[in-house]
Amino acid sequence: RTRNDSRISIQDLESYYLQPFRAALVDGASGSFMCAYSEINGQPMCSNQYIMSRLVRGKKEDGGWGFTGFVSSDW
């Protein structure tokens with residue numbers, strides 16, 4: 001009830017699941033967002049290095065989204 005761990009390949013994650021979030025953060029120019037409580041491949045979203053550091057906060061020239069706003073935990 002208090003935990004959800006989804007097993008999703010990186011390719012599926014980037015191709016299908018993350019596109020709406022990217023559109024909201026990058027195209028919508030969001031200033032902040034709250035990361036999810038759930039886990040992807042055994043890692044909580046708020047501490048997932050691949051998603052939070054490489055994609056969301058990563059430099060655009062390195063394939064990241066370049067988000068510089070505020071990120072809140074759901075706790």
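A disulfide is a pair of cysteine sulfur atoms within 2.5 Å. With that in hand, here are the close-ups of this predicted model.

**View 1. The disulfide of Cys35 and Cys46.** The sulfur atoms of Cys35 and Cys46 lie 1.8 Å apart, and the two residues form a disulfide. Applying the cut-off gives a count of 1 disulfide. Turn to the S-S bond itself: the angle about this bond is 100 degrees, and the link of Cys35 and Cys46 is right-handed.

**View 2. Where the two cysteines sit in the chain.** The disulfide pair links distant parts of the chain, with Cys35 and Cys46 11 residues apart. Look for Cys35 in the loop between β2 (32–34) and β3 (39–40). Cys46 belongs to the loop between β4 (43–44) and α3 (49–56).

**View 3. Accessibility at each end of the link.** Is each cysteine buried or exposed? Cys35 has a relative accessible area of 6%, so Cys35 is buried. Cys46, at 30% relative accessible area, is partly exposed.

**View 4. The open sheet of β1, β3 and β4.** Here 3 strands come together in an open sheet, following the order β1-β3-β4 with mixed pairing. Both β1 (5–6) and β4 stand at the edges with a single partner strand each, so one side of each has no neighbour in the sheet.

**View 5. β1 alongside β3.** Strands β1 and β3 run parallel and are joined by 2 bridges. Which residue of β3 is the bridge partner of Ser6? Find Ile40 in β3: this residue is the partner of Ser6.

Notes:
Residues are numbered from 1 along each chain as its sequence is written. This is a predicted model: local features need pLDDT of at least 70, side-chain atom pairs count only at pLDDT 80 or more; totals for chains, interfaces and linings use all residues. Side-chain values use heavy atoms; hydrogens and water are left out. Helices (H or I, at least four residues) and strands (E, at least two) are DSSP runs, numbered from the N terminus. Buried means under 20% relative accessible area, exposed over 50%, partly exposed in between (1.4 Å probe, protein chains only). Two strands pair if DSSP finds at least two bridges between them.
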